[in-house]
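Reader: I'm used to gels and columns rather than coordinates. Could you walk me through how to read a model like this one?

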Amino acid sequence: MNYQLPLFEPEEAPPTVPEAVAELLYDEATEILVAFSGGKDSVAMVLYLLDLGIPKERIILHHHEVDGRGEHLFDWPCTPSYCKAFAAAFELPLVFSWREGGILREMYRTNEGLQDVRYEQQDGSAVVLASRPGSSTRRKFPAVAADLRTRWCSSVAKIDVLSRVIAHSYPEGGQLIICTGERREESPGRATYKAYEKYRANTKKRTAIQWRPVIDFREKQVWALYEKYNVQPHPCYMLGWPRCSCQTCIFSSPNTWAAIQQIAPWKIDYMEAIENDLGHTLYHGMRIREKARRGRSFIPPDMLQRWKTEAMGEFTSPIFPDQWELPAGAFGAEMAGAV
């Protein structure tokens with residue numbers, strides 16, 4: 001089926017770039033870093049930057065590996081290869097960062113500090129950023145809450161990692177825009193976000209601005225950019241997922257856990273074993289297996305046959321498909337909610 005999604009309806013005005021951001025955005029001395037998950041909003045940011053006429057040479061994609069290059073318990077196994085395929089197709093540099101051991105290692109932290117941060121530079125060399133010694137204990141799942149102090153998976157595996165990499169790898173005296181893909185449409189919490197603000201690594205000698213380019217985009221505008229550039233979405237969308245966060249995202253609905261049970265039952269087994277080991281459940285008063293039992297998988301049978309292998313392995317499909325398809329997960333609402 002051929003789709004022609006309008007990027008903007010006649011009554012809608014395209015979003016404008018804030019003046020303070022535009023001054024940096026169109027300054028050739030400014031480097032533009034895109035926090036690139038491989039999900040729809042991060043892809044839309046890149047396509048929107050290209051629409052704005054930003055040269056590819058000034059854009060760098062930065063991906064966080066939340067499993068710390070260990071077993072793909074939380075993330076989709078195909079995500080790193082999808083990110084690499086996208087970057088190669090658009091001739092954009094891509095770097096990776098992670099905290100040693102990822103989310104799982106942090107869950108088991110006992111009488112110690114945070115694990116070290118690692119990242120790859122554009123030349124492929126690896127850098128280790130040592131964390132401060134400590135003596136605190138975690139031994140629990142992240143809380144299903146908005147507060148990053150208890151929903152620590154985002155702060156420990158993504159936000160803090162990027163902040164440390166920028167502070168270490170971008171020299172003072174430089175100019176940097178960090179693009180992140182939150183959209184106000186996603187949740188009441190994100191509806192209050194600013195379009196731009198000083199980034200936490202901004203100093204008197206380093207200009208670092210966090211800009212949310214698609215903050216005011218509707219989901220239809222995101223998919224319209226995909227269609228315009230003929231970009232193959234991440235396999236999880238083809239399987240019916242509406243968001244490309246962690247595969248085992250703590251905000252997953254019962255239906256989503258049922259879908260995970262269908263394509264990756266070992267992950268349910270593993271999460272159950274962790275609950276037993278830590279004596280702590282992800283959901284208050286409910287075991288993970290019971291959560292999955294209460295749902296019903298939403299994966300379309302034809303998509304399961306076409307995309308399961310790639311979703312749970314390596315992404316090998318072309319980024320520019322012969323015929324673009326609106327994915328099964330478009331405009332879905334199976335996740336419990338973004339924060």
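**Reading the fold, piece by piece**

Author: Let's begin with contacts: of those in the chain with a separation of 6 or more, 74% are between residues 24 or more positions apart. Keep in mind that this is a predicted model.

Reader: Okay. How many helices and strands are there in the chain?

Author: The chain has 11 helices and 8 strands. Its radius of gyration is 20 Å, close to the 20 Å that the globule rule gives for 339 residues, so the chain is as compact as a globular protein of that length. If you like to think in boxes, the C-alpha atoms fill one of roughly 55 × 55 × 35 Å along the principal axes.

Reader: And what share of the 339 residues is buried?

Author: Buried residues come to 52% of them. A residue counts as buried when its relative accessible area is under 20%.

Reader: Let's zoom in on a helix. How do I read one?

Author: Start with the general idea: an α-helix has 3.6 residues a turn, so residues three or four places apart point the same way. Now take helix H2, residues 40–51. From first C-alpha to last, its 12 residues reach 16 Å, close to the 16 Å expected at 1.5 Å a residue.

Reader: Is H2 mostly covered or mostly open?

Author: Mostly covered, with 11 of its 12 residues buried. Among them are Lys40 and Asp41, along with Val43, Leu47 and Leu50. After H2 comes Gly53, with a positive phi near 85°.

Reader: What should I make of a positive phi in general?

Author: Most residues other than glycine have a negative phi. That makes non-glycine cases handy ones to look up. Asn230 is one such case, with a positive phi of about 55°. You'll find Asn230 in the loop between helix H6 (219–229) and helix H7 (235–238), and it is partly exposed, at a relative accessible area of 24%.

Reader: Where does Phe331 lie, and what is its phi?

Author: Phe331 lies in the segment after helix H11 (301–311). Its phi is positive too, about 65°, although Phe331 is not a glycine. With 44% relative accessibility, Phe331 counts as partly exposed.

Reader: Now pick a residue inside a helix for me. Is Tyr226 buried or exposed?

Author: Tyr226 is found in helix H6 and is buried, with a relative accessible area of 0%. To see what surrounds such a residue, skip its sequence neighbours and list the rest. Leaving aside those within four places, the contacts of Tyr226 include Lys40, Val43 and Leu47, which are also among the buried residues of H2. Tyr82, Pro233 and Trp324 are in contact with Tyr226 as well.

Reader: What separates Tyr226 from Thr207 in space?

Author: Their C-alpha atoms are 31 Å apart, for 19 residues along the chain.

Reader: Last one: pockets. What is the volume of the largest pocket?

Author: About 1,300 Å³. Of the 49 residues that line the largest pocket, Ser154, Lys158, Ile159, Glu182 and Arg190 are the closest to its centre.

Reader: Which element gives the most to that lining?

Author: Helix H5 does, with 6 residues. H2, strand S2 (59–64), H5 (152–169) and strand S7 (196–198) each supply at least two. By class, the lining has 22 nonpolar, 14 polar and 13 charged residues.

How values were computed:
Residues numbered from 1 in each chain as written. Predicted model: local features only at pLDDT ≥ 70, side-chain atom pairs only at ≥ 80, totals over all residues. Heavy atoms only, no water. Helix = DSSP H or I, 4+ residues; strand = E, 2+ residues; numbered from the N terminus. Expected span 1.5 Å × (residues − 1). Buried < 20%, exposed > 50% of the residue type's maximum accessible area, 1.4 Å probe, protein only. Contact = heavy atoms within 4.5 Å. 1 Å grid on protein atoms, 1.4 Å probe; cavity = no way out; pocket = protein on both sides within 12 Å on 5 of 7 lines; lining within 4 Å. Points joined across faces, edges and corners; volume = space filled by probe spheres on them. Nonpolar A, V, L, I, M, F, W, Y, C, P; charged D, E, K, R; others polar. Rg over C-alpha atoms; globule rule 2.2 N^0.38 Å.
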